[in-house]
Structures are given as C-alpha cells and as structure tokens.
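Here are my notes on the model you sent over. Have the viewer open while you go through them, since each point refers to particular residues.

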Amino acid sequence: FSLESNQKTILTMAAAKPLVDLTAKAILKAGNTAVITGASSGIGRAAALYCSSIGMNAWMVDIDEEELKLAKELVVSKAKDIKTQKIETRTVDVSNMEQMEKLSAEVFDGDGKCNFLMNN
C-alpha cells in the first residue's frame with residue numbers, strides 16, 4: 001500500500017459516474033414527491049410553493065393546523081396542474097417519533113416515494 005496508489009484509487013472513484021442522479025434537476029421535477037416540514041410559513045411555505053409550481057406532489061407538514069390550512073390554499077392556487085398533482089397536509093410535531101413514523105407510512109402508502117425531504 002502506498003500513498004500514490006491510494007490517491008489513484010480516490011481519483012478513479014471521484015471520476016466514476018454516480019449510480020443515482022442526485023442533482024436538483026433530477027429531484028425537483030414534475031411528478032416527484034416533496035415532504036416539507038415547517039410548511040405553514042416562511043421558507044417551508046416558499047419551498048412548498050416552488051415544488052407545487054413545477055408540478056411536484058407536496059406533503060406539507062406543520063404543527064400549526066390553522067396556518068397549514070391557509071398555506072395549503074395558497075400552494076394549491078399556484079400549482080402547475082392541480083388535476084394531476086397531490087397537495088397533502090399533515091399536522092405533526094416533528095419531535096414526536098410516533099407521529100413522524102405515521103407520516104412516513106402515509107407518504108409511502110400514498111405516493112410510494114419521497115424524492116425531496118426538507119426538514120425545516
């Protein structure tokens with residue numbers, strides 16, 4: 001084992017093609033699913049608006065049920081094609097593991113995938 005051979009191995013690995021495309025272009029696209037916590041206001045709501053506007057399904061999660069309902073109305077109004085998109089809301093305390101496990105099951109039962117997770 002030499003430092004030189006280790007450097008060659010690292011360079012070869014770095015140059016290899018990734019097995020999965022993790023670029024924003026591949027993840028943030030119509031038909032994919034986003035789960036966004038803190039979605040009733042601020043950056044969480046902005047993320048949900050963006051995802052909806054490009055045709056993504058959005059699972060909006062927040063502890064504030066009333067604000068979440070208002071945010072959903074806005075997100076639905078800006079959806080690219082609400083007939084084909086799913087905008088879901090869940091009132092969840094992200095510090096509660098049981099609630100988070102239930103959310104995860106609902107997302108995967110409902111959409112079968114989560115392409116983008118924003119823990120806000």
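What follows is a set of numbered points, going from the whole chain down to single side chains.

1. First, the caveat: this is a predicted model. Please read every distance and percentage below as computed from that prediction.

2. On the overall layout, the protein chain has five helices and four strands. Going along the sequence, the order is α-α-β-α-β-α-β-α-β. The chain has 120 residues, and 29% of them count as buried. About 7,900 Å² of the protein chain is exposed, with 57% of that supplied by carbon and sulfur atoms. As for contacts at a separation of 6 or more, 69% of them involve residues 24 or more positions apart.

3. Now the strands. β1 covers residues 33-37 and pairs with β2 in the parallel sense, over five bridges. Two of the partnerships to click on are Thr 33 with Asn 57 of β2, and Val 35 with Trp 59 of β2.

4. How many residues of β1 are buried? Five of its five are, so to speak the full strand is mostly covered. Thr 33, Val 35 and Thr 37 point one way from β1, while Ala 34 and Ile 36 point the other way, and all are buried. β2 gives a similar readout, being mostly covered with six of its six residues buried. Asn 57, Trp 59 and Val 61 point one way from β2, and Ala 58, Met 60 and Asp 62 point the other way.

5. Thr 33 deserves a look. This residue is found in strand β1, and its relative accessible area is 0%, which means that Thr 33 is buried. Its side chain makes a polar contact with the side chain of Asp 111, at 2.8 Å. Leaving aside neighbours within four places in sequence, the contacts of Thr 33 include Met 56, Asn 57 and Trp 59, and also Lys 113, Cys 114, Asn 115 and Phe 116.

6. Over in strand β2 is Met 60. Is Met 60 buried or exposed? With a relative accessible area of 0%, Met 60 is buried. Met 60 and Val 35 are 25 residues apart in sequence, yet their C-alpha atoms are 6.2 Å apart in space. Not counting residues up to four places away in sequence, Met 60 touches Ile 36, Ala 39 and Ala 48, among others. The list of residues touched by Met 60 also includes Leu 68, Ala 71 and Val 75, along with Ile 87 and Thr 89.

7. Helix α4 passes a simple geometry check. It has 13 residues, 65-77, and at 1.5 Å a residue these should span 18 Å; the end C-alpha atoms of α4 are 19 Å apart, which agrees.

8. Which residues of α4 are buried? They are Leu 68, Ala 71 and Val 75. These residues sit on the same side of α4, because they cover an arc of only 65° around the axis. On the other side of α4, Glu 66, Glu 73 and Ser 77 are exposed. The buried residues of α4 pack against α3 (42-53), β2 (57-62) and β3 (87-91).

9. The N-terminal end of α4 has a cap, namely Asp 64. One of the side-chain oxygens of Asp 64 lies 3.3 Å from the backbone nitrogen of Glu 66.

10. Last, a loop residue: Gln 85, placed between α4 and β3. Why does Gln 85 count as buried? Its relative accessibility is 9%, and the cut-off for buried is under 20%. Polar atoms of the Gln 85 side chain come within reach of two backbone nitrogens: that of Lys 80 at 3.0 Å, and that of Asp 81 at 2.7 Å. Not counting residues up to four places away in sequence, Gln 85 touches Cys 51, Ser 52, Gly 55, Met 56, Asn 57, Ala 79 and Lys 80.

Terms used
Residues numbered from 1 in each chain as written. Predicted model: local features only at pLDDT ≥ 70, side-chain atom pairs only at ≥ 80, totals over all residues. Heavy atoms only, no water. Expected span 1.5 Å × (residues − 1). Buried < 20%, exposed > 50% of the residue type's maximum accessible area, 1.4 Å probe, protein only. Arc of directions from axis to C-beta. Contact = heavy atoms within 4.5 Å. Polar contact = N/O pair within 3.5 Å; in protein donor to acceptor, adjacent residues only side chain to side chain. Areas by Shrake-Rupley, 256 points an atom, 1.4 Å probe, with all protein chains shown as cover. Pairing = 2+ DSSP bridges.
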